Amino acid sequence: MYVADSRSTPAAAAARLTPGRRSAVAPTVLALGAVSLITDVSSEMVTAVLPLYLVTGLGLSPLGFGLLDGVYNGFSALVRLVGGHLADRGGRHKTVAVLGYGLSAVCKPLLLVASSLPMIGAVLAVDRTGKGLRTAPRDALISLASAPEARGRAFGVHRAMDTAGALLGPLAAFLILRQAVDGYDAVFTVSFCVAAVGVLVLLLFVPSRTAPERAPDAPRPSLKAALALLAERDVRRLTLCALLLGLATVSDSFVYLLLQRRLDVPDRWFALLPLGTAAAFLLLAVPLGRLADRVGRWRVFLGGHAALLCAYGLLLPGWQGAALPYVVLALHGLFYAATDGVLMAAAAGSVPAELRSSGLALIQTGQASARFVCSIAFGAAWTAWGDRTALSTAALALTVCAAGAMLLRPTDSTEVAAA
């Protein structure tokens, strides 16, 4: 790694690369990967224990948890366009990212004093606001620092490092809960300390200037210009596909709760369930990112949703066997490895550099908003009809939405290049 240099830009970094190393992962990508790794240790410590804390500790119904989980994801969706716009104006990608990471960090100790559902909801909303502010600028930094033909690999490397943190976070929470007297308070305190380290690494190791110089005829960064990107066929179709498929993507927390009920997993082991998803994501993110660069990002993206559909099917009653939890969690991790960074790599080729952060935020907003709706709808369906009917409905919805996404298929630059 290197100490951040305000004079460093993607263009300057590219000029220093030899032709034989054009596909090498840029130092900026590695630095951002380290930030995400550390931050995910912090956030996943909380995420791993939160469902059990709310449902078992506070006695929330599935509908109540679905509403809170919707808030957890919905606030992120509301501010992504704002974060993207602020980052594109003057090329302040790092500044906005620091603000977002910092905001999430300060929320962790507030969970120590949040004893009621409204207070916890407010803290989670602020935390997700921080995530919404930082996600698009961070992904824009990755795409701007990477060669177009290697963006799948760059996002795969970043997501693999990010997921390493997601793997370590639940493990840390599990160990703390077993050793500490006030387990939840200890988890929240350690989570804050780790998040603060992540912000420090971002300040020290990520360059301040990353945006390319704006061409004279380039659109001026604005929310209106970002929304105008929907007039572009590929951006519009990518956004619609992300929205459609997000409507049938059940929250991770619900997947783990379903798995716990199917297998009667003791409460003390619940925090370890996300480890299976994280391990599969970690192992598959880079290979699937490289595969997407070669055979087409859209094919890999849809393949990931096919894996998720298989996981839904296995969670339905009727499937048995000791391998069931491992297969479900492996498919769940494969889904994320094939979709999370791959979608951003595909979108980056359709969005101009001057509006990169805003354009990526536009697609992320559609996806996050749809998942917000799905969390509430699935929680309501579980409460009204039971978990089996709710999951069957989600599987049917995912099948229909995937078929619609295939019809809306945008142009895949990687497939064009391969042809």
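A charge sits over a ring when NZ of Lys or CZ of Arg is within 6 Å of the ring centre and within 35 degrees of the ring normal. Keep that handy for one of the stops below.

Some ground rules before you click. This is a predicted model, in which local features need pLDDT of at least 70 and side-chain atom pairs count only at pLDDT 80 or more, while totals for chains, interfaces and linings use all residues. Residues are numbered from 1 along each chain as its sequence is written, and side-chain values use heavy atoms, with hydrogens and water left out.

**The whole protein**

Start with a cartoon view: you should find 16 helices and 0 strands. Both kinds of element are DSSP runs numbered from the N terminus, helices being H or I with at least four residues and strands E with at least two. Of the 419 residues, 55% are buried (buried is under 20% relative accessible area, exposed over 50%, partly exposed in between, with a 1.4 Å probe and protein chains only). Contacts here mean heavy atoms within 4.5 Å. Among those between residues at least 6 apart in sequence, 86% join residues at least 24 apart.

**Stop one: α4 and α7**

Select residues 93-107 (α4) and 183-205 (α7); their axes come within 9 Å and cross at roughly 170°. Axes are lines fitted to C-alpha atoms, for helices over the stretch in contact, and angles run from 0 to 180 degrees between N-to-C directions. The two helices are therefore roughly antiparallel (over 145 degrees; under 35 is roughly parallel, 65 to 115 roughly perpendicular and the rest oblique). Show side chains for K94, A97, V98, Y101, G102, A105 and V106 of α4, which meet F192, A195, A196, V199, L202 and L203 of α7. By class, that contact has 11 nonpolar, 1 polar and 1 charged residues. For the classes, Ala, Val, Leu, Ile, Met, Phe, Trp, Tyr, Cys and Pro are nonpolar, Asp, Glu, Lys and Arg charged, and the others, Gly among them, polar.

Stay on Y101 and add R134: the arginine lies over the face of the tyrosine, 4.6 Å from the ring centre.

**Stop two: α9, α12 and a threonine**

Now pick α9 and residues 297-315 (α12), which pack at about 10° with axes 12 Å apart. That makes α9 roughly parallel to α12. L238, C241 and L245 of α9 meet W298, F301, L302 and H305 of α12, a contact of 6 nonpolar, 1 polar and no charged residues.

Which residues does T339 touch, leaving aside neighbours within four places in sequence? Select F301, G304 and H305. T339 itself is in α13, residues 324-348, and is buried at 5% relative accessible area.

Back in α9 (residues 233-246), find R233, partly exposed at 37%. Draw a C-alpha distance to P410: 7.6 Å in space, though the two are 177 residues apart in sequence.

**Stop three: α10 and α14**

Select residues 252-263 (α10) and 356-385 (α14), packed at about 25° with axes 12 Å apart. They are therefore roughly parallel too. F254, L257, L258 and R261 of α10 make the contact with S375, F378, G379 and W382 of α14. Leave F254, F378 and W382 lit up, as they form one aromatic cluster.

**Last stop: H85**

Finish in α3 (residues 62-88) with H85, buried at 13% relative accessibility. Not counting residues up to four places away in sequence, H85 touches P221, S222, L223 and S358.

Technical notes: Phe/Tyr/Trp six-rings, centres within 6.5 Å; stacked < 30°, edge-to-face > 60°.
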